[in-house]
Amino acid sequence: MSPRIVIIGGGPGGYEAALVATKAGADVTLVERHGLGGNAVLTDVVPSKTVIATAEWLTIAGRASELGIRRRDGGEIARDLTVDMGQVNARVKALVRKQSGDIAARLEKNGVDVRTGVARLDGPHRVAVGDDAIDADAVLLAVGARPRVVPGCEPDGERILTWTQLYDLDALPEHLIVVGSGVTGAEFAGAYRLLGSEVTLVASKDRVLAREDPDASAHLTRVFVERGMHLVGGRAARVERTDQGVAVTLEDGAVLEGSHCLMAVGSVPNTEGIGLEEAGVELDERGLIRVDRVSRTTARSVYAAGDCTGVLPLASVAATQGRIAMAHTLGDAVTPLDLGLVASNVFTVPEIAAVGASEAELKARGLFYEVSTLDLARNPRAKMLGIDEGFIKVFGHTVTGQVFGAVIVGPRASEHIYPLSLAVAHHLTVDDVAAAFTVYPSLSGTLSEAARRLHRMGEGDARA
Ligand SMILES: Cc1cc2nc3c(=O)[nH]c(=O)nc-3n(C[C@H](O)[C@H](O)[C@H](O)COP(=O)(O)OP(=O)(O)OC[C@H]3O[C@@H](n4cnc5c(N)ncnc54)[C@H](O)[C@@H]3O)c2cc1C
Ligand SMILES: NC(=O)c1ccc[n+]([C@@H]2O[C@H](COP(=O)([O-])OP(=O)(O)OC[C@H]3O[C@@H](n4cnc5c(N)ncnc54)[C@H](O)[C@@H]3O)[C@@H](O)[C@H]2O)c1
């Protein structure tokens with residue numbers, strides 16, 4: 001008989017696992033309460049990146065005249081372009097529906113039994129959905145997370161918003177106060193500023209994007225300020241509606257006034273009230289499911305993937321954890337999760353992409369490393385394209401030249417990081433990277449040059 005797998009949650013942690021498991025011959029049921037694609041598709045990744053795409057095109061269009069583009073009547077293309085937020089959000093919703101529908105079709109085509117409902121564990125081998133119960137040889141929990149609510153700063157869905165509530169706006173907020181300067185806060189603050197809103201970003205840490213490379217975060221902070229964003233240090237203690245909009249009171253008593261407030265203060269896992277602890281699944285003090293590197297929880301036969309584990313809240317990591325869980329339970333070859341290989345990107349303008357070890361991690365691990373940093377603006381292709389900011393940074397081992405990690409700040413950094421991701425994943429050296437041809441002229445020429453600068457004369461043997 002085929003092994004029976006039940007997956008709770010239809011986000012990347014769940015649906016990717018379902019596809020792998022059916023391909024391996026398992027009998028798979030996936031239970032989702034809202035829509036396929038999970039928050040990644042419905043409320044988080046897809047909608048945010050779609051709005052950011054408009055902000056990016058608007059920025060490019062605003063520079064048209066610099067590149068010699070004129071209206072047919074010879075007039076200059078206006079710099080003060082604006083957006084129709086109603087249309088932008090209608091496009092977002094259409095794209096989200098399509099993406100979710102595509103995933104549903106793919107699951108159906110692959111023979112996954114998809115059920116709609118709220119699921120809970122009834123012991124480690126049974127999942128209850130309403131009055132139904134489904135027996136399972138193994139269960140995968142991929143229940144994701146939801147926006148954290150700070151007491152005193154409760155969203156009302158109209159003026160005080162979580163990131164899931166932004167897409168019902170039919171006009172640009174006049175003055176958006178973004179509370180929280182992690183990746184979510186920085187991405188939205190950056191995008192709405194480019195779209196034309198006045199933006200105030202409240203940062204509780206000493207810098208915006210405190211977990212990113214310090215040079216990258218300093219660069220973005222400078223760009224934000226140059227674009228006229230107001231950066232305010234502090235923590236929000238209270239957010240209230242006023243006649244005009246909203247008032248955000250910080251812990252030091254300062255009051256910020258705006259038309260709307262976006263709370264971007266992190267997430268909490270959807271792990272309460274679904275029978276986890278009763279089934280032997282241990283949670284940590286924040287409610288995150290404890291898992292090992294092959295996605296096993298503390299209950300035999302119960303696995304977990306994605307944001308509910310808090311391992312690293314990225315769609316790519318969720319999908320990898322889900323696939324690993326299925327490989328493990330179905331007896332396929334398993335490569336345990338290696339966070340040292342993860343590539344990530346902050347979708348601001350410019351983007352910030354990173355892969356492998358950060359400089360802080362290299363220092364903490366006491367490794368011998370060298371850094372090569374090159375400005376993108378000196379690249380010939382960048383000059384042609386009008387790119388006048390950004391940099392590429394590569395970390396290599398001082399002796400062997402192994403590529404430990406890299407950071408790229410620039411347009412489409414998310415795409416340009418891939419060769420360096422290959423280098424990190426396959427333990428290539430800076431010489432390996434520099435030896436591969438790049439197209440002339442191309443932005444990747446700078447990537448290769450950054451690696452070449454870490455070459456050591458006479459070290460060829462050590463690096464072979
Ligand atoms: C604004 C924002 C932007 C982001 N952008 C990116 C990005 O660009 N790139 C990136 O890699 N990551 C991004 N992330 C992170 C990414 O969204 C998450 O890491 C990813 O969604 C995690 O996938 P998941 O499968 O764990 O959970 P989710 O995508 O949250 O899916 C979980 C699903 O489980 C369902 N569920 C929960 N409980 C039950 C239950 N009891 N019964 C049935 N169904 C249930 C939920 O309805 C949900 O559909 C972003 C996050 C945010 C907040
Ligand atoms: N492009 C992407 O891949 C992308 C985009 C968004 C989120 N994500 C993922 O989601 C994770 C979480 O990011 P996030 O930004 O949603 O959450 P986060 O927890 O990283 O950041 C929230 C920030 O809000 C601050 N904060 C908390 N309470 C506050 C208060 N009362 N006043 C002011 N600030 C307060 C915190 O100190 C923190 O800096 C990221 O680490 C990333 O893995 C990824």
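H3 passes H5 in a left-handed crossing. This is a predicted model. The axes of H3 and H5, residues 183–195, come within 9 Å and cross at roughly 40°. That angle falls in none of the parallel, antiparallel or perpendicular ranges, so H3 counts as oblique to H5. On the H3 side, the contact uses Ser48, Val51, Ile52, Thr54, Ala55, Leu58 and Thr59. On the H5 side, the partners are Glu187, Ala191, Leu194 and Leu195. By class, this contact has 7 nonpolar, 3 polar and 1 charged residues.

Now place that helix pair in the domain layout. The domain assignment gives domain 1 as 4–147 + 269–339. Domain 2 covers 160–265, and domain 3 covers 350–457. The C-alpha centres of domain 1 and domain 2 lie 26 Å apart. Their contact draws 17 residues from domain 1 and 14 residues from domain 2. On the domain 1 side, two elements give two or more residues: helix H3 (45–61) and helix H4 (85–109). H3 supplies the largest share of that side, with 8 residues. The domain 1 side divides into 9 nonpolar, 7 polar and 1 charged.

H3 also leads to ligand 1. Around ligand 1 there are 35 residues. The closest are Gly9, Gly11, Gly38, Gly144 and Gly306. H3 is one of the elements that give two or more residues to this shell. The others are helix H1 (12–23), strand S2 (27–32), helix H2 (38–42) and helix H7 (315–329). By class, the shell has 16 nonpolar, 14 polar and 5 charged residues.

Two helices of that shell, H1 and H7, also pack against each other. Their axes come within 7 Å and cross at roughly 35°. H1 passes H7 in a right-handed crossing. From H1, the contact takes Pro12, Gly13, Gly14, Glu16, Ala17, Val20 and Ala21. From H7 come Ala315, Ala318, Ala319, Gln321, Gly322, Arg323, Ala325 and Met326. These residues divide into 9 nonpolar, 4 polar and 2 charged.

Return to H5, and follow it to ligand 2. Here 24 residues surround the ligand. Gly180, Gly182, Thr184, Ser204 and Gly266 are the closest. The elements that give two or more residues to this shell are H5 and strand S19 (343–346). H5 gives the most, with 4 residues. The shell around ligand 2 has 11 nonpolar, 10 polar and 3 charged residues. H5 therefore appears twice in this account: it meets H3 through residues including Glu187, and it contributes to the shell around ligand 2.

The backbone has some points to check along the way. In the loop between strand S11 (198–203) and helix H6 (214–226) sits Leu209. Leu209 has a positive phi of about 55°, although it is not a glycine. Further along, a cis peptide bond joins Val349 and Pro350, with omega about 5°. Pro350 lies in the loop between S19 and strand S20 (351–356). S19 is the strand already met in the shell around ligand 2. Another cis peptide bond joins Tyr440 and Pro441, where omega is about -10°. Pro441 is found in the loop between helix H12 (430–435) and helix H13 (444–452).

Technical notes: Residues numbered from 1 in each chain as written. Chains lettered and ligands numbered in written order. Predicted model: local features only at pLDDT ≥ 70, side-chain atom pairs only at ≥ 80, totals over all residues. Domains from an automatic or database assignment. Contact = placed C-beta atoms within 7 Å. Nonpolar A, V, L, I, M, F, W, Y, C, P; charged D, E, K, R; others polar. Near = placed C-beta within 6 Å. Axes fitted to C-alpha atoms, helices over the stretch in contact; angles between N-to-C directions. Parallel < 35°, antiparallel > 145°, perpendicular 65-115°, else oblique. Left-handed = near helix turned anticlockwise from the far one by under 90°.
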